[in-house]
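Got the viewer open? Here is a short tour of what to select next and what is there.

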Amino acid sequence: MTITLNGDPFQLAGLRTIAELLAQLELDPRRVAVEHNLVIVKRAVYDSITINDGDTVEVVSFVAGGSSPRWTTTRA
Amino acid sequence: MSEDTLTIAGRKFRSRLIVGTGKYSSHPLMARAHEAAGTEMVTVAVRRVNISERSKESLLDYIDTEKYFLLPNTAGCYTADEAVRTAHLGREAGLSNWVKLEVIGDEKTLFPDNQALLDATQRLVKDGFVVLPYTNDDPVVCRKLEDSGAAAVMPLGAPIGSGLGLQNPNAIRIIKEFATIPVIVDAGVGTPSDATLAMELGVDAILMNTGIAGAQSPVGMATAMRLAVEAGRLGYLSGRIPRKRYASASSPVEGVVGR
């Protein structure tokens with residue numbers, strides 16, 4: 001199945017939850033925030049939120065910066 | 001003199017210099033500059049993780065969050081909706097409910113959009129955030145932000161990254177007079193004397209990024225800025241002499257030899 005991850009198509013194979021997605025991306029769950037279909041997902045429920053075909057997921061983290069160009073078109 | 005601390009939303013800081021994390025040539029250099037600045041609060045941006053080519057190095061490996069309070073910002077947001085969304089993501093990624101709120105209205109000047117800034121401030125205060133809005137040097141807007149529940153106001157000294165120094169010291173002074181919350185000059189400081197001048201006006205703190213990160217020696221400039229902020233603060237607290245048009249001798253007028 002395919003989801004939209006940070007604005008781009010992303011193939012999910014054998015993954016069902018936010019926690020599994022972060023693990024595959026090798027991201028430390030304590031250092032990111034996740035939005036699932038425009039709703040912020042609390043860290044405590046990464047294990048139980050299921051991702052479905054066509055879903056939109058945003059994964060953000062802190063980066064160096066004060067002011068910079070529009071964030072929606074910027075890659076970290 | 002008793003300990004002079006900066007208090008924002010009940011949280012105390014000994015340092016009145018808040019610094020950014022952008023524009024350093026490396027993370028280790030940034031960490032050394034933060035150390036030299038003696039800062040206790042650093043601001044960070046919130047961005048999408050780059051999925052396809054992710055750097056192994058994380059910014060947070062170079063910021064000791066036991067030592068530095070993290071202030072997520074909404075830099076790069078051009079609407080209240082974007083800023084509110086980014087603030088919520090920053091709260092989830094971070095350790096607190098504080099946000100340096102930026103809602104930019106113009107790409108060339110990076111001046112804030114007052115109306116959207118007020119809107120976003122009201123919404124985030126309602127959502128339980130400690131909101132520190134980056135604003136124009138407009139006393140009326142600053143008063144409205146305070147009335148909306150902002151924890152501090154952060155008027156610009158000059159355009160972001162310009163290094164021009166305070167363009168309107170009188171407005172900054174009036175903002176400070178009006179405000180009952182801390183006033184933090186954010187942006188435009190280029191030199192230590194700019195920082196000292198701002199502090200001499202009585203503002204509570206200064207936030208700067210480019211002035212340090214863009215200097216030829218960021219560590220040297222961070223040290224200079226720390227001293228400049230301290231000097232300006234102490235000068236303000238000590239009460240300057242009144243300005244006079246003519247000289248007044250500082251030596252006795254009697255007993256001058258040969259007269």
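Start by selecting A:Ser61 and B:Arg47: B:Arg47, in strand E4(B), is the bridge partner of A:Ser61. This is a predicted model, where local features need pLDDT of at least 70, side-chain atom pairs count only at pLDDT 80 or more, and totals for chains, interfaces and linings use all residues. Residues are numbered from 1 along each chain as its sequence is written, while chains are lettered from A and ligands numbered from 1 in the order in which they are written.

Now widen the selection to residues 56–63 of chain A, strand E5, which pairs with E4(B) in the antiparallel sense over four bridges. Strands here are DSSP E runs of at least two residues, helices are H or I runs of at least four, both numbered from the N terminus, and two strands pair if DSSP finds at least two bridges between them.

Stay on E4(B), residues 41–48: eight of its eight residues are buried (20 or more other C-beta atoms within 10 Å of a residue's own, with C-beta atoms placed from the backbone; 12 or fewer is exposed, in between is partly exposed). Next, pick residues 69–73 of chain B, strand E5(B), which runs parallel to E4(B) and is joined to it by five bridges. One spot to click is B:Val42, whose bridge partner in E5(B) is B:Leu70.

Then jump to helix H2(B), residues 80–93. Ten of its 14 residues are buried, including B:Val84, B:Arg85, B:Leu89 and B:Arg91.

Finally, show the whole of chain B, with its eight helices and ten strands. Buried residues make up 48% of its 259 residues, and its C-alpha trace spans about 85 × 40 × 40 Å along the principal axes.

Conventions. Expected span 1.5 Å × (residues − 1).
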